[in-house]
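The exercises below are meant to be worked through with the sequence and the 3D view side by side. Try each task before reading its solution.

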Amino acid sequence: MKIEKLHSAKKIAAQLLLLILPACAIGAYMLWHINQYYSVLNNQWVKHTIYLAAGLITGSIFYNFRFRFISTFIPLILLLLIISKIIRIVFTGEFSAFYASTNFFIFFFLFIAGWLIGWGFARLRYFPIILSAVLLAIQIIVVSKTTDITTQKLIIAFAPVLVFALYIIYTAELVRNMNDDEPAFAWFIGRKLIGFALVASLLLILIFSFFNKEFKAIEKEFGGQGKQQKEENKESLTKENKDGTISNKKDMGMSGGRKSSKRLVFIAKLDNYFPGTETPNPLYFTYDYYTKFDTLTQTLETDSLMPSNDLFQPDPSKIPLYFTQTDSSVLVKAKGNLKRKIVTTEVYKALLSPKEFLAPSTAFFCQPIAVEKEYKQQFKTAYRAKMYVSDLNSAYFIYNPAGNETLENFQQQRFEELRKVTSWNNEDRNFMNYYTFIPKGDSYDSIRALAQQLTKDAATPIDKMIAIRNFFLSKDEDGQPLFKYTDNPGIPGLPSANKLTYFLFENRKGYCAYYAGATLFLLRALGIPARVATGFLTVDRSDKNKGWYWFYEDQAHAWVQAYFPGYGWMDFDTTVPSTEQQQSPAPDGTPPITVQSAQFVSFGKVLNVDTTKKRVEMQVNKMIFHDKVFELKEPVKLDMDVSIATINKDTGSVPLSELKNGMEITALSFSEQIKNIIPVDSNSSQEIFSKIPKPAPIDEITILDTEKEKQQKKEIKKEKEPFSLLGLLWISLAIIGGVILLILSTPWLIYRWYRFKALQHSNSKRKAYWSYTSAMYLLNQLGFSRDNLSPLQFAKEDIDPRFKTNLSTFIQAYLKSKYSSEPLTSSEDNIVTGFYPSFDRLVKSQIPFKQRFNKFLNFYRTINYFIKPKI
Amino acid sequence: MMEQQVNTETALQNIQRLTDNIETVIKGKRNQIKFVLTALLAKGHILMEDNPGTGKTVMAKTLAQSISGNNDSQSVNFKRIQFTPDLLPMDLIGTHIFDDVKKEFIFKKGPLFCNVLLADEINRASPKVQSALLECMAENQITMGEVTYKLDNLFFTIATQNPVEMEGTYPLPAAQLDRFFIKIIFGYVDEETELDIYKNYLGINNNLNNIHQVLGINQILFLQQQSENVFVHEEIIKAVRNIVWATRRHQDILLGGSTRSGITFLKCLKAYALVNGRTYVIEDDVNDLCQPVLDHRLIYRNKDAKANALAGIRNAEIDRLSKLKISN
């Protein structure tokens, strides 16, 4: 049996050019867009578009022959399934199997989607409507995944889809109805295509020129600057923000290894020394904890519901300078009070985003501080943080003390101390269940067995941990390290249990996330509560500047924390040192900042300014003295010496004369005099004030925004505030509804316009024209088409007998007014003036409302009225 | 101005009288009568195509008898020539014969020397004979040897032809066809009129024999002059230009309209407006006349094109005109 073509070759070509090509374009756009939100797709939208286009083109050509849908579609699916099965069999045991099968799945999905769309275009008349609706729905789902939505993003997301919807609905009907025997067929197609290209490029140019900045940011963020960059970004723990600053990745979890780039992220001064020595004791800087293992997706997740949540995540950019934020829940929930002290750190951010907060574990206090003027170029913002730190905790757990006695001693002391911990019997059941959770299943049994085998000689938890550490550092028969460090282990994404068993037993190559994940399971298998922490590892590279640490991009890290009752969470890093790239420690800079901690900060109003004596009197409402906040019930007058003070407003400094009475200011002092006044806990604010020298030496005054300015800034902020998810849904629905309503009501609106013009004019010539146009439009819209008759014939032969109107008489008068050089006679004038309202009424009265309503919804009739007939 | 108006009104009345008079004999053919009068007033000629027996000859005869000649009692000079394949040019023009008395050749005028000529079944004659008609139709004169004979001021040819497909016909050459301002298909009358004709055929025949002479030859010449004064709006002229251009560009038309055909179109439009009782041309005139004036001048690629091409062009142009906003 010969399978015949359903349409002529020309028509198929037209379909390909006018329908399939734009569909491919919108597919590419949507895939590009979706790629931004789903990391599974790996930013390969070009490839995916090709998959989709292949399905589209073959599907549409295929179904232009008289093939049955079901009897061809099912074999196709079966064929693809068989291929995927074969891929699984062929690639078994290889890591590329994951790549291959995932890629094939994406191909499978996109190809079938394309095939179905192709079939729809070839066979279903109302398919474009369905397609448009589906595309819009997809776009809504995709957009609803975003967390920060702006109007611009909404427009970027929806404008192309809406335009495509309009285009495809109109064009599909055009292609369906076109006459391919027409001689100027090629020109017909060409014209439509050129029109489409023009409109599309115009839109694109508009969008690009309007949102150029946004696009650049997106491009940067999603790695559009070449493949190299892409690979790197994919494997990184940090992400680059639009403004070029860096944040820890939250959404992607532990998806990456370490970046080799050496850009400075931040520096920190950490006042943590080994007890009784001058030797700095570095601590890892934590960003987030991964505590929960999702058995469904086989991934580790962050969990805000974790028991005894001691994660402090303030947004320093939202705390005014020198104001403080303290997390009381951390103070309450922080575990372990043995050997505990409070340690202060100062973080100066270079590339790190102003929003981010990083500090060693169990931080509870954050205070943004000013950066010295000469360092403002390098360090944009800074904050102080305080945290509970155990004397036992340290970054030196696996680092070789290298003969440093202090460190060796410390390690021994630490182990001795921790050997006191033998069980967790007194711990909360929930807490233990949560932090020792490990799923049941074969793949985890091997991990359990390994854990038992490694620690069979170890008695105490700390010995078990040392055994695990030694396992990772051990050497094989050939004297080669058993585990190797590599940034590219060949497994994408987050290590799941299966990948971990592979890592532990076969491959034994990986980056920090692998070591952390494996250690986590080994510890939990032994019943030791553990969690994965992400952040930055701290390396002490400088002998000159004790307590100062430099953090570069390649120091982004993941490690494990284990819990010891009474001592709290201990950092436990099992990642082996990298052998392939000898990390030449980046030369840390010279001492950056003479740190001046403001021990005295006062907030209040200016009462009096004396510019000659350089004195300012202020009314203090609130003050911070040695990090303690005092709310003053009765404001106190404070005389200040501002001779060396800088006055700041917004970001710049201003002369003293700018300071006016009544202004809200913050004044602070780095003065030694004040620093040396050590407060006692019982001290009241009055007592402190009495100790402060008069006048108080002030180093910095910051003018706060007045209420009015605040209001203005708030308003600006409000405008930029993201929509809520539900609001977004409503807005998208409203936009879609509005567009549809506008299209549906266009015929009626045009009619009202003509009607208005016809009734408005009194000049008989104009009135005749508008009455005529309005009448002809009305008749056309109501379904009485003129076809090939001239208007006069149409009126005489069709309309007048049908409706008993006097249209033909009117048209004769109208034609005279139109073509004759003579004016209308008075009787003709009367015909023209009296014609329209009665005609309109007469016609409408003879057609039921329901019918009229239906006819007025028909947009095609309106288009027909305005387009020129084909020659 | 006043005179003009009076002239127009008499002209319109005269046309009405002429039409009514012809209608007493030719029933149910109002449109065809209008076309014939249009060709007459535009100083052109008309070609009627149809099967024998549809009333073509009667039409011509009636028209001729409705117009009185220079001496009022008699109707204008009406001649009828039946074209046959063996007809020779001298049968039309006339011939030199030897005068025995004067001992010299004298010119004996043929049937072409008349006011209204009915050239029946014109396509049955050989091309040679057909071309003999060319000069007199175009220039109103006949050249015989060295002498040129002027024809009467009013010279109107009504030619009929059988459909080209019929046996024993010679197709008219393009040049000849161009001389005919209008070509119409005469067509059968509708059922009711036909019944009416059968009932009254004696009376109709009687009418034909006793037809009144309603207009004089001078009045016809005056009407021809009046039709030149009909107002044509610039947009109508543009429409004519557009249509002629479109026929030249159209894929399915091998030979498009000439400039002369455009001029003819305009002349016919003016005459047609007058025949319809108007002193200005409207878009419907273009609509009605497009086919009769242009169709026989064009050469189409195929039958399908013959049926559709010109109609398509016309409809597009009428659509343009009908939506035009003329504001002056």
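**Exercise 1.** Which residue of β15(A) does G535(A) stand opposite?

*Solution.* This is a predicted model, in which local features need pLDDT of at least 70 and side-chain atom pairs count only at pLDDT 80 or more, while totals for chains, interfaces and linings use all residues. Residues are numbered from 1 along each chain as its sequence is written, and chains are lettered from A and ligands numbered from 1 in the order in which they are written.

Begin with the two strands, where strands are DSSP runs of E of at least two residues and helices are runs of H or I of at least four, numbered from the N terminus. Strand β13 (residues 530–536) and strand β15 (residues 556–564) of chain A run antiparallel and are joined by seven bridges; two strands count as paired if DSSP finds at least two bridges between them. Within this pairing, the residue opposite G535(A) is H557(A).

**Exercise 2.** Place these strands in their sheet, and find which helix packs on the sheet.

*Solution.* First, the order of the four strands in this open sheet of chain A is β4-β13-β15-β16, with antiparallel pairing. Next, β4 (285–290) and β16 (568–572) of chain A are the edge strands and have a single partner each, so one side of each lacks a neighbour in the sheet. Neighbouring strands are turned by 40° against each other on average, direction ignored. Finally, α16(A) packs on the sheet, where it touches β13, β15 and β16 of chain A, and its direction makes about 15° with that of β15(A). Such angles run from 0 to 180 degrees between N-to-C directions, the axes being lines fitted to C-alpha atoms, for helices over the stretch in contact.

**Exercise 3.** Which helix gives the most residues to the largest nonpolar core, and between which domains does this core lie?

*Solution.* A nonpolar core is a set of buried Ala, Val, Leu, Ile, Met, Phe, Trp, Tyr and Cys residues joined through C-beta atoms within 7 Å. The largest one has 117 residues, and A516(A), L522(A) and V532(A) are among those with the most contacts inside it. Helix α16 (residues 512–525) of chain A gives the most, with 11 residues. Because domain 2 (405–531) and domain 3 (600–715) of chain A both give residues to this core, it lies between them; the domain bounds come from an automatic or database domain assignment.

**Exercise 4.** Describe how β14(A) is covered and how it pairs.

*Solution.* Five of the five residues of strand β14 (residues 548–552) of chain A are buried, meaning that 20 or more other C-beta atoms, placed from the backbone, lie within 10 Å of a residue's own (12 or fewer is exposed, in between partly exposed). W548(A), W550(A) and Y552(A) point one way from β14(A), and Y549(A) and F551(A) point the other way. Strand β3 (residues 264–270) of chain A pairs with β14(A) in the antiparallel sense over five bridges, and W550(A) is the bridge partner of I267(A).

**Exercise 5.** Is V240(B) buried or exposed, and which residues does it contact beyond its neighbours in sequence?

*Solution.* V240(B) has its place in helix α10 of chain B. With 25 other C-beta atoms within 10 Å, V240(B) is buried. Leaving aside neighbours within four places in sequence, V240(B) is in contact with G262(B), F265(B) and L266(B), a contact being two C-beta atoms, placed from the backbone, that lie within 7 Å.
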